[in-house]
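Student: Could we go through this protein together, one question at a time?
Tutor: Gladly, let's start with the whole chain and then move inward.

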Amino acid sequence: DRPASPTDAPTGPDGDVTALAARFRAMERRRLAILGGPGSGKTTLAVRLGRHLLDTRAYHPDEPVPVLLPVADWDTTRFPHLHDWVAEQLAQSHPVLRAPEFGPDMPARLATGGHILLVLDGLDDLPALTKADVIAKLGKDLSRDDQVILTCRADEYEQVTQQAGDAPASALVVRVRPVDRRDAAAYLRNRLSPSPGDAWDRTLTDLAAAPLREPLTALADVCTTPLGLWLVGTAYAGPHPEGAPPPAPETFPDAAGLRAS
């Protein structure tokens, strides 16, 4: 099977994680790839989905427990098999699993018995050859009962799955869509005082307008990701008693300069 067609997903507070969880639970093989650009909220969405699945697990008592693991920590030379690495990670992060009453192999039993929902974050942090190796091993090692959520940058995921040739079958692919400019303007306005001043009023009105005025391109570009929007809100729209001015287009003519500030 090839990965399913990509689906858009929001990452902000209004993102319908409930609907995504329902779709995930309805899959015959629960395998999900969350794709997006740098700072787009891939990890945030994966964590929110994992927490929702955990919070609602009382209604699904047979479901595995979500466990967040940085996939960059997987040394495929030392642990050539996925479940051996997962068992080692469980043993290190949860020493209680080594208690005598659980027996000597509790981490391994959890890893191989379909009791863990793997939330593998940061595939794009790996070198190209290692990414392909990880994807190939996932395709080979995941059993029918294993469940996995994987985060990666979109372009890198497409390249590496083509190179590996043995990607996780039947994966639902979700692409995190950019933050809408109107939502970004509303978020920044909520961070400001009730009367932020004419400069902020003009900036936020223009940010939400269509077409966008060219001087605001840098600000709009930065605000398309949750991380960028949060940085702008923290640096410029925080609760300043005297009112901090918005970032001036002439000071930051491009998105890179504004991000670096």
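Student: What area does the protein chain expose, and what share of it do carbon and sulfur atoms supply?
Tutor: Before the value, please keep in mind that this is a predicted model, where local features need pLDDT of at least 70, side-chain atom pairs count only at pLDDT 80 or more, and totals for chains, interfaces and linings use all residues. Residues are numbered from 1 along each chain as its sequence is written, and side-chain values use heavy atoms, with hydrogens and water left out. Accessible areas come from the Shrake-Rupley method with a 1.4 Å probe, and for residues only the protein chains shown count as cover. The protein chain exposes about 13800 Å², and the share from carbon and sulfur atoms is 52%.

Student: What is the mean pLDDT of the protein chain?
Tutor: The term pLDDT is the predictor's confidence in each residue, from 0 to 100. In the protein chain, 89% of the residues reach 70 or more, and the mean pLDDT is 86.

Student: Over which residues from 1 on is the pLDDT below 50?
Tutor: Where pLDDT is low, the predicted coordinates should not be read in detail. One such stretch has eleven contacts in the model beyond near neighbours in sequence, a contact being heavy atoms within 4.5 Å. This stretch with pLDDT below 50 is residues 1-6.

Student: How many helices and strands does the secondary structure of the protein chain come to?
Tutor: Helices (H or I, at least four residues) and strands (E, at least two) are DSSP runs, numbered from the N terminus. For the protein chain, the secondary structure comes to eleven helices and six strands.

Student: How many residues of strand β5 are buried?
Tutor: Buried means under 20% relative accessible area, exposed over 50%, and partly exposed in between (1.4 Å probe, protein chains only). On one side of β5, Gln147, Ile149 and Thr151 are buried, and on the other so are Val148, Leu150 and Cys152. For strand β5 (residues 147-152), the number buried is six of six.

Student: Which residue of β5 is the bridge partner of Leu118?
Tutor: Two strands pair if DSSP finds at least two bridges between them. Strand β4 (residues 116-121) runs parallel to β5, joined by four bridges. In β5, the partner of Leu118 is Val148.

Student: Through which helix does the chain cross from β4 to β5?
Tutor: A crossover is right-handed if, with the strands pointing away from the viewer, the path from the first strand over the helix to the second runs clockwise. This β-α-β crossover is right-handed, and its helix, residues 128-141, is α5.

Student: Is Val119 buried or exposed?
Tutor: Val119 is found in strand β4, where it stands opposite Ile149 in β5. Leaving aside residues up to four places away in sequence, Val119 touches several others, including Ala46, Pro66 and Leu69. Because its relative accessibility is 4%, Val119 counts as buried.

Student: What separation do the C-alpha atoms of Val119 and Leu68 have?
Tutor: Strand β3 (residues 65-70) pairs with β4 in the parallel sense over six bridges. Val119 and Leu68 are 51 residues apart along the chain, while their C-alpha atoms are separated by 4.6 Å.

Student: How many disulfides does the count come to?
Tutor: A disulfide is a covalent bond between the sulfur atoms of two cysteines. The rule here asks for a pair of cysteine sulfur atoms within 2.5 Å. Cys152 is buried, with a relative accessible area of 0%, and Cys223 is buried too, at 2%. By this rule, the count of disulfides is zero.
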